[in-house]
Amino acid sequence: MPPPLLKDADSRATLRDGLPDRYLSPDDVAEIFGVPIETVYQWRRKRTGPRGFRIGRHLRYDPADVRAYVDQRKGAEDAA
């Protein structure tokens, strides 16, 4: 099942694989996964979540990296 769409997604965004075609903020990632924002920051500190990057002082996530993270987690579950 693809992650839920963002409620306030930019209407100009083209959706691909259920994710907006724009860089995601930590709030977007928290909403997609249904977790508290602090969990997203913990993933970043522990290097266990989707790969993020900085644009100036702003943290952003590439939707392709978020999709890769989901696929990796699904693969880990299937292997267990």
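This note goes through the fold, helix packing, core and selected residues of a predicted model.

1. **Overall layout.** The protein has three helices and two strands. Along the sequence, the order is α-α-β-β-α. The chain has 80 residues, and 32% of them count as buried. Look too at how far apart in sequence the contacting residues lie. Among contacts with a separation of 6 or more, 40% join residues 24 or more positions apart.

2. **Helix 1 against helix 2.** Helix 1 covers residues 26-33 and helix 2 covers residues 37-46. Their axes come within 8 Å and cross at roughly 110°. Helix 1 is therefore roughly perpendicular to helix 2. From helix 1, the contact uses Pro26, Asp27, Val29, Ala30 and Phe33. From helix 2, Ile37, Val40, Tyr41 and Trp43 meet them. By class, this contact has eight nonpolar residues, one charged residue and no polar ones.

3. **The turn after helix 1.** Gly34 sits just after helix 1 and takes a positive phi of about 70°.

4. **The largest nonpolar core.** This core has 11 residues. Leu19, Leu24, Val29, Ala30, Ile32 and Val40 are among them. Trp43, Leu59, Tyr61, Val66 and Tyr69 also belong to it. Four elements each supply at least two residues: helix 1, helix 2, strand 2 (58-61) and helix 3 (63-79). Helix 1 gives the largest share, with three residues. As a general rule, nonpolar side chains in soluble globular proteins tend to be buried together.

5. **Buried residues of helix 1.** These are Pro26, Asp28, Val29, Ala30 and Ile32. Note that Asp28 is on this list. The cover over the buried residues of helix 1 includes helix 2, strand 2 and helix 3.

6. **Helix 3.** This helix has 17 residues. From first C-alpha to last it reaches 24 Å, close to the 24 Å expected at 1.5 Å a residue. Its buried residues are Pro63, Asp65, Val66, Arg67, Tyr69 and Val70. Asp65 and Arg67 are thus buried along with Val66 and Val70. Helix 1, helix 2 and strand 2 are included in what covers them.

7. **Trp43 and Tyr69.** Trp43 is in helix 2. Its relative accessible area is 19%, so Trp43 counts as buried; the cut-off is under 20%. Beyond four places in sequence, Trp43 is in contact with Val29, Phe33, Val35, Thr48, Gly49, Pro50 and Tyr69. Tyr69 has its own set of partners outside that sequence window: Phe33, Trp43, Thr48, Gly49 and Pro50. Phe33, Thr48, Gly49 and Pro50 therefore touch both Trp43 and Tyr69, where touching means heavy atoms within 4.5 Å.

8. **Arg44.** Arg44 also lies in helix 2. Arg44 is partly exposed, at 33% relative accessibility. Setting aside residues up to four places away, Arg44 touches Gly52, Phe53, Arg54, Leu59 and Tyr61. Leu59 and Tyr61 are members of the largest nonpolar core. Arg44 and Pro26 are 18 residues apart along the chain, and their C-alpha atoms are separated by 9.9 Å.

9. **Arg47.** Arg47 is in the loop between helix 2 and strand 1 (52-55). Arg47 has a positive phi of about 55°, although it is not a glycine. That deserves a check by eye, because most residues other than glycine have a negative phi. Arg47 is exposed, with a relative accessible area of 77%.

10. **The segment before helix 1.** Is Ser25 buried or exposed? Ser25 is in the segment before helix 1. At 16% relative accessibility, Ser25 counts as buried. Apart from residues up to four places away, Ser25 touches Leu59, Arg60 and Tyr61. Arg22 is found in this segment too. Arg22 is partly exposed, with a relative accessible area of 25%. Arg22 and Ala64 are 42 residues apart in sequence, yet their C-alpha atoms are 10.0 Å apart in space.

Technical notes. Residues are numbered from 1 along each chain as its sequence is written. Side-chain values use heavy atoms; hydrogens and water are left out. Axes are lines fitted to C-alpha atoms, for helices over the stretch in contact, and angles run from 0 to 180 degrees between N-to-C directions. Angles under 35 degrees count as roughly parallel, over 145 as roughly antiparallel, 65 to 115 as roughly perpendicular and the rest as oblique. Ala, Val, Leu, Ile, Met, Phe, Trp, Tyr, Cys and Pro count as nonpolar, Asp, Glu, Lys and Arg as charged, and the others, Gly among them, as polar. A nonpolar core is a set of buried Ala, Val, Leu, Ile, Met, Phe, Trp, Tyr and Cys residues joined through side-chain atoms within 4.5 Å. Buried means under 20% relative accessible area, exposed over 50%, partly exposed in between (1.4 Å probe, protein chains only). The expected span of a helix is 1.5 Å times one less than its number of residues.
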